[in-house]
Amino acid sequence: MTTAATRRGSSARHRPNVLAGVGGFVWLAIIIIPIYYIVITSVRPQAGFFSSNQLIPAADSNLDQYALVLQSDFFLYLANSVIITVISVVVTVLVCIMAAYAIVRSNTRFVRATFGLFLLGLAIPLQATIIPLFYMLSKAGLYDTLAALILPSIAFAIPLTVLILANFIRDIPKELFESMKVDGTSNWRMLFSLVIPLSRPAIVTVGLYNALGVWNGFLFPLILTQSPDKRVLPLSLWTFQGQFSVNVPAVLAAVVLSTLPVFVLYVFGRRQLVSGMTAGFSK
Amino acid sequence: MKLHSTRDGAGLSRRTRRLTNAVLAIGAVSLLLGVTACSSSGSTGGGANASLWGLTGGDQDQVEAPSLKEWNAANPKLKIDSNYFANDAYKTKIRTAVGAGSSPTIIYSWAGGTLNSYVKAGKVVDLTAATNGIKSKFLPSVFGQGVVDGKTYAVPMNAVTPIMFYYNKKVLAKANIDAPKTWDDILADVPKLKAVGVAPFSLAGGSKWPELMWEEYLVDRVAGPDAFNAVMAGKAGSWSDPGIIQANTMIQQLVDAGGFVKGFSSVTADSNADVALLYTGKAAMMLQGAWVYGTFNTQAAAFVKSGLGYTTFPAVDGGKGDPNDIVGNPSGYFSVSSAATKAQQKAAIAYLTKGVFDKAYTDRMIKSSQVPPIQGIDSQISAGGDFGTSVYNLTKAAPNFQMSWDQALPPAQATALLTNLDQLFNKQITPQQFSDNMNKTIGQ
Amino acid sequence: MTTNREAGVTRKTRHAGPSGWMAAPALAFFIVFAILPLLVALYLSFTNWDAISDPVWVGFDNWPKVLGDPVTITALLLSLKIIVFSWVVQTPISLLLGVFTAGRQRYRAILAAIFFLPLILSSAAIAIAFKAILDPNFGLGASLGLPFLNQDWLGDQNLILYVVVFIIAWQFVPFHTLIYQGGVRQIPASLYEAAEIDGANRWQQFWSITLPQLRYTIVTSSTLMVVGSLTYFDVIFVLTAGVPGSGIRILPIDMYITGFSANQMGQASVIAIMLCVIGLVLALGLTKFSGFTKMTSQQEGL
């Protein structure tokens, strides 16, 4: 985790790095132009869309297309997305914190083998298993249910989540465990009164990170669900394309609306996402 | 790594606790599995109403949705829920849904190879007995597409939709030309249209199947129906027919001449961008199905009145095919899923036999300038409008009505066909390579 | 079976803390929904399955068919191309941006907040936006009337690969920047102070301190990048409206078309196995190559 108190930024401050600044702003332009385009186009009236200069906001911008999207079952898709995201993340974090705790604090062959298997999972492109997943889930009668999205999402998130959480738990001073053990605290109690409270930053990070992954997932919903009442937001974007046809502003309004909830999370949780992520990868 | 001192002689209480933990852990997993499954699968399968998936577009607004609304109001015990998908989205979804046993009660298809595979796998219900009474009202050639091995599995539910040759009258007038009558006309018109800054042909090459329309017409005009019949019959080497190679050479000739709109490979039909190119005047002509007439009507009603022209595909001088031949979809079809409940099947069959193509359904279709595959409605159609009359006359006059190849062929061959055709249009392969590649797929 | 043997082991090391069973729920999920599918894929690769009827055992038929198919070979080459190009484009940019955003200047913090924005957009959203922007007739280039921008970005089969590499970089550079940012911030400041006393300039410091100190970060980021590139699907699928052309038919796309369009699920499963094997080989190769043999080994030192 964060160790050194003084950082290189302090020494770099006396000589401004002009080249880096210029590069930073070039990348800023690359990032911001498409986002700017999405936002201003989503409020552009459809009439005259094809003939206008698309980088200049239209004088008669309005929210009509947002109204259209909101009336097109948007809230149903939003609810589906929320359901699969919340359940997947809660279950993932719960089983992973248990696993990470066991991996750090116990040294059995079973646990080591488990951890090895998870690490291997990082190297296998799991999405390649979509065909067998489709086969298994249809045999199990789970095809076209939200559970079909939740279950593999949890499984696929496990390797990275366990890795990050284990790295974090490793940093909890061993003396804390020892002294609790002396007090006769059970391992389960330690999980809830020591491990979980102390790993909160990492839990928030993996929670946010996994939430992003599930929220934005496209392949699973595309293959494993079917009916509109099971549709989640990313898939709805795709079907909106067919429904709204060349009404580009409406499609982009749907893009903005589907991103808004995550954007709010990002504004408030950015620090946790950013700082916690380093715990898992940068070691 | 931390060293663990080992202790033996586990106390009974410890061992029990460990066992309890194990049980707890397993219990937690099964509970979670159960919870997630229940929370979401509540409404699957057992839904009381029969369900139907249709395609988005003009028919949805003007025919199917109103018909279902009336049906549900009149038959509260035989209700049918409907959903609509864009064409390409539907094609990818429906087969997986049917395979997984969670298809809608009423399955839309274009008959052909897809219907055959449904029948082979026992996924659709035999409708022979149920449709005996209504069989006679359809055009026999159209109804016959839904019959596999002597039994009826699919009922026509849509208009007869040949592929039409559309053009923008104003744009042609600007270039001072008429709608082309022959292939040579087309080649002569291309530079004239480009000179006035318009793309000669709109083409949704991104969706690939619109490219097939060119292939189907040109092969028919050059070589006649026999060339493709040999492919359907699975004759070895049948893709090497000189007519097919000549047709493909002509396609590449038109590509080279700049006949298709710039960037046609990224124009997609699901977003109706090809239709938009024509009515916004960015392209002069377009080969597309009769079904896009409804799209024109919804998106550019004024253009339909003043600027939209349509005719049949031009003749090819010296070709073996009859210039009156047409290609396209004889109709769309509804089948009933064998995975549905008895009640759902009952509602579905009732709707297919009594609701689809009842008088109101037929009238609505005619009113939206489509041609129902129904016998003895000549006078109604001519009253319905010019477009419907043209389609009806073309269909009646056609010595051969070829079903779209990608529907007629089995899926594996159809997919390979679209892939290779796309490469042909993009000049990545030669006509000879196209034939070689396709010959390898015969029998798949 | 494993669990029985494990119980014996725990008995001896019990004092170490929690029982290994605590890892069981995660393991169960992982085995059922990640490992089992791999085995099922292997099984399906020996069958003919059209997704409608039941799979039919055909033995080794599919393997030579798929491996000898020029379409597969082309897809494999395209996949390798996209892996290499993605790495070449993303790694330097992410590394430099990581160093850049690790700086404590206020303007850099603000820029960093914006840089990370693509992280929150879904692949579908990104692809839809770029599809609209790059549309040859109705897109941004066409509306601005700039001939350079008005290319057939998505239709030209020689161009689309690079367009996709760019879009993927746009999407994933923020993520890797984040990883590098964390890595850079862990480099002890004392190293730079010492270098400064020795009179090393910024460029020399970057080469002799920052880069070597980041080597594990580079391996981590590269592994994630390479394994990730093997499964690029969403962006390409949406960008091409579900019918990708031959210029961008990389392995996952080839698998999808073979499986869900041509309904040859058995042959598609062969491609799935190929993808897993390639991913494993590349990831293990990368870690071996970098002397980073065991992911756990260096964690123990901490």
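Me: Two residues are in contact if their C-beta atoms, placed from the backbone, lie within 7 Å. With that cut-off, how many residues of chain A are in contact with chain C?

Reply: In this predicted model, 95 residues of chain A meet that criterion with 92 residues of chain C. On the side of chain A that touches chain C, helix H12 (residues 248-281) of chain A gives the most, with 14 residues. That side of chain A divides into 61 nonpolar, 26 polar and 8 charged residues.

Me: Why is helix H11 (residues 233-244) of chain A called largely enclosed by the rest of the structure?

Reply: A residue is buried if 20 or more other C-beta atoms lie within 10 Å of its own. In H11(A), 12 of the 12 residues are buried, so the helix is largely enclosed by the rest of the structure. Among the buried residues are A:Trp238, A:Phe240 and A:Phe244, and also A:Gln241 and A:Gln243.

Me: How do you know what length to expect of H11(A), and what does the model show?

Reply: The expected span is 1.5 Å times one less than the number of residues. For the 12 residues of H11(A) that gives 16 Å, and the helix reaches 15 Å from its first C-alpha to its last, which is close to the expected value.

Me: What does the comparison of spans give for helix H20 (residues 411-425) of chain B?

Reply: At 1.5 Å a residue, the 15 residues of H20(B) should span 21 Å, and because the end C-alpha atoms are 21 Å apart, the two values agree. H20(B) is also mostly covered, with 13 of its 15 residues buried, and the helix is followed by B:Lys427, whose phi is positive, near 60°.

Me: What makes strand E7 (residues 161-168) of chain B count as mostly covered?

Reply: Set against the cut-off of 20 or more other C-beta atoms within 10 Å, 8 of the 8 residues of E7(B) are buried, and the strand is therefore described as mostly covered.

Me: Why is E7(B) said to pair with strand E11 (residues 326-329) of chain B?

Reply: Two strands pair if DSSP finds at least two bridges between them; 2 bridges join E7(B) to E11(B), so this condition is met, and the two run antiparallel. B:Thr161 stands opposite B:Asn329 in E11(B).

Me: Which residues stand opposite B:Tyr166 in strand E9 (residues 283-289) and in strand E10 (residues 308-311) of chain B?

Reply: In E9(B) the bridge partner of B:Tyr166 is B:Met286, while in E10(B) B:Tyr166 stands opposite B:Tyr310. E7(B) pairs with E9(B) in the antiparallel sense over 5 bridges, and 4 bridges join E7(B) to E10(B), again running antiparallel.

Note on methods
Residues numbered from 1 in each chain as written. Chains lettered and ligands numbered in written order. Predicted model: local features only at pLDDT ≥ 70, side-chain atom pairs only at ≥ 80, totals over all residues. Nonpolar A, V, L, I, M, F, W, Y, C, P; charged D, E, K, R; others polar.
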